[in-house]
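The following account leads the reader through a protein model, from its general make-up to selected details. It is best read with the structure in view.

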Amino acid sequence: MIVNYFGIMGCECRFDAQGAFLAAPNGVPVPQLQQFGFYYAQDGIWYKRLSPQESAYLQSLGNQPVVVLPAPGVGAAPGAETGETPEEKKTADKLCVLSLILMYGVTAVSYAMANAGITNALYSVSGLAGIAAFILMIVVRVKYPKNKFGKVLMIIYLIQLALGILAFLALMIMCQSCIHDCRGM
Amino acid sequence: MHIHINTDFSLFPPYGLMIGLSFLAGAVGMYLLNIRRGIQKNVARYLLLLLPLMSIFCGMGLTLITSGGQSSGLSSVGGLIGVYAAAVTMGLISPVKGDLRKMAETSTVMLPLMYSVSKIGCFLAGCCHGFPYDGILAVEYTGQNALDSAVFPVQAAETLTFLVIFLLGLRLYLKQKRCAVQIVFILSAMAKFALDFLRASHIGVMISVTQGLCLALAVIGIVWLMQSKNVIHNS
């Protein structure tokens with residue numbers, strides 16, 4: 001059975017124990033595939049696991065050669081209008097929360113270590129946690145580009161990074177002027 | 001003829017400025033080469049975000065480790081490890097198979113330019129300077145980083161050497177010459193190994209930690225080159 005899925009024409013529909021899934025044809029732009037939740041597999045093909053509702057609809061059509069999804073009169077798959085299924089949203093949100101914990105939660109532990117005089121550990125722990133938080137945010141943005149939490153998180157981190165750079169530059173200028181002010185005293 | 005450099009700076013210390021410029025040059029170059037190689041724009045953009053973070057973290061981390069936590073500062077080899085770590089991370093995140101290799105290759109091509117620009121900062125700031133030397137083009141530092149005697153301009157030599165390696169590598173890479181990336185990798189590791197002998201910090205040291213790491217990288221590069229040649233030969 002061939003499925004035209006949200007404008008992606010000529011997807012091959014296959015069934016397994018978990019329901020229906022689509023194999024995208026060659027030549028479809030990657031961003032479009034990602035937008036509708038297709039994932040890239042080891043065999044070089046982009047696949048999309050359909051929701052139980054969509055699977056049931058396709059099974060009900062039997063041997064019809066070409067099917068269009070979303071079907072007229074049949075509700076679109078949950079989250080299809082946003083390009084994100086509930087499962088994908090759940091996974092993306094979990095990664096975002098973990099990223100937030102790493103970025104801000106670990107800071108508290110790091111400061112506790114700094115108070116205990118372990119400054120090198122502070123650098124290592126907070127630095128590693130910050131980088132891990134950035135990586136998780138990027139994973140969400142690449143794999144689940146339609147996730148709103150991921151978008152908000154990216155904006156927060158970018159603003160934080162910009163403010164950090166500005167603060168560093170301001171500190172550099174202030175220190176330089178202090179050196180000049182105090183010269184000869 | 002001696003070169004005189006005053007290390008009292010007016011507003012921005014040149015070291016920080018040049019490190020910033022080196023990241024900018026490397027990131028822009030990597031982005032353009034990645035797009036040229038067909039990597040998705042969003043993946044290439046996120047690499048730009050990750051690149052300075054991981055490079056600075058690894059650069060400072062390696063200095064902390066090798067000094068036993070006694071000193072701080074950016075290590076160039078640590079920075080290099082950070083650049084590759086960022087490329088590998090983004091390669092693994094990217095949904096397209098083969099992006100990891102492409103990003104590692106573009107990183108290798110751009111790294112000599114980043115190092116070359118960063119060494120201008122060292123030259124102007126007076127850090128990482130050469131052995132005491134009184135011949136032609138010897139450098140005399142005055143101001144807050146003043147030195148007792150004139151020194152060999154090893155930072156300028158590094159800048160020029162790595163600029164040549166970058167230009168050669170870029171030319172080979174853009175012409176899609178086989179093994180261009182491996183050649184850049186080996187040349188960079190060997191140049192860094194050789195130039196480290198000219199540093200003041202090398203006096204009394206047989207082989208520095210940086211040289212040990214460079215030797216290891218050169219061996220990795222040679223193995224990589226031989227493997228690539230075997231693949232080409234077999235195919």
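A residue is called buried here if 20 or more other C-beta atoms lie within 10 Å of its own, exposed if 12 or fewer do, and partly exposed in between. In this predicted model, buried residues make up 24% of the 185 residues in chain A.

Chain A contains five helices and six strands. Followed along the sequence, these elements appear in the pattern β-β-β-α-β-β-α-β-α-α-α. The domain assignment divides chain A into domain 1, covering 2–81, and domain 2, covering 86–182. Between these two domains of chain A, five residues of domain 1 are in contact with five residues of domain 2. On the domain 1 side, the touching residues comprise one nonpolar, four polar and no charged residues. Among contacts in chain A that join residues at least 6 apart in sequence, 53% link residues at least 24 apart.

The strands of chain A deserve attention next. Six strands form an open sheet with mixed pairing, in the order β4-β5-β3-β2-β1-β6. Its edge strands are β4 (39–40) and β6 (66–69) of chain A, each of which pairs on one side only. Helix α2 of chain A, residues 52–60, lies across β2 (8–16), β3 (19–23) and β6 of chain A, and runs at about 90° to β3(A).

Strand β5(A), residues 46–49, offers a closer view of this sheet. Two bridges join β5(A) to β4(A), and the two strands run antiparallel. Together, β4(A) and β5(A) form a hairpin with five residues between them. In the turn of this hairpin, A:Gly44 has a positive phi of about 85°. Within the pairing of β4(A) with β5(A), A:Tyr40 has A:Trp46 as its bridge partner, while A:Tyr39 stands opposite A:Tyr47. Strand β3(A) is also antiparallel to β5(A), and three bridges join the two. From another position, A:Ala23 likewise stands opposite A:Tyr47 in β5(A).

In a regular strand, side chains alternate between the two faces of the sheet. Strand β5(A) shows such an alternation: A:Trp46 and A:Lys48 point to one face and are buried, whereas A:Tyr47 and A:Arg49 point to the other and are not.

The text now turns to how the chains meet. In total, 19 residues of chain A are in contact with 23 residues of chain B. On the chain A side, α1 (30–35), β4, α4 (119–143) and α5 (148–182) each supply at least two residues. Helix α4(A) provides the largest share of that side, eleven residues. By class, the side of chain A that touches chain B has twelve nonpolar, six polar and one charged residues.

Nonpolar side chains tend to be buried together in soluble globular proteins. The largest nonpolar core in this model has 79 residues, of which A:Phe134, B:Leu47, B:Leu50, B:Ala86 and B:Met90 touch the most other members. Helix α4 of chain B, residues 99–125, contributes the largest share of this core, 13 residues. Apart from its neighbours within four places in sequence, A:Phe134 is in contact with A:Tyr157, B:Leu49, B:Leu50 and B:Leu53. A second, separate core of 14 residues includes A:Cys11, A:Cys13, A:Leu22 and A:Trp46.

Some individual positions complete the account. B:Val219 lies in helix α7 of chain B, residues 209–234. Is B:Val219 buried or exposed? B:Val219 is exposed, because it has 12 other C-beta atoms within 10 Å. Although 33 residues separate B:Val219 from B:Ile186 in sequence, the two are 8.0 Å apart in space, C-alpha to C-alpha.

Most residues other than glycine have a negative phi. A:Phe6, in the loop between β1 (2–5) and β2 of chain A, instead has a positive phi near 50°. With 19 other C-beta atoms within 10 Å, A:Phe6 is therefore partly exposed. B:Gln176 also has a positive phi, of about 55°, although it is not a glycine. B:Gln176 is found in the loop between α5 (154–174) and α6 (180–195) of chain B. Because B:Gln176 has 7 C-beta neighbours inside 10 Å, it counts as exposed.

Conventions
Residues numbered from 1 in each chain as written. Chains lettered and ligands numbered in written order. Predicted model: local features only at pLDDT ≥ 70, side-chain atom pairs only at ≥ 80, totals over all residues. Pairing = 2+ DSSP bridges. Helix = DSSP H or I, 4+ residues; strand = E, 2+ residues; numbered from the N terminus. Contact = placed C-beta atoms within 7 Å. Axes fitted to C-alpha atoms, helices over the stretch in contact; angles between N-to-C directions. Nonpolar A, V, L, I, M, F, W, Y, C, P; charged D, E, K, R; others polar. Domains from an automatic or database assignment. Core = buried A, V, L, I, M, F, W, Y, C linked by C-beta atoms within 7 Å.
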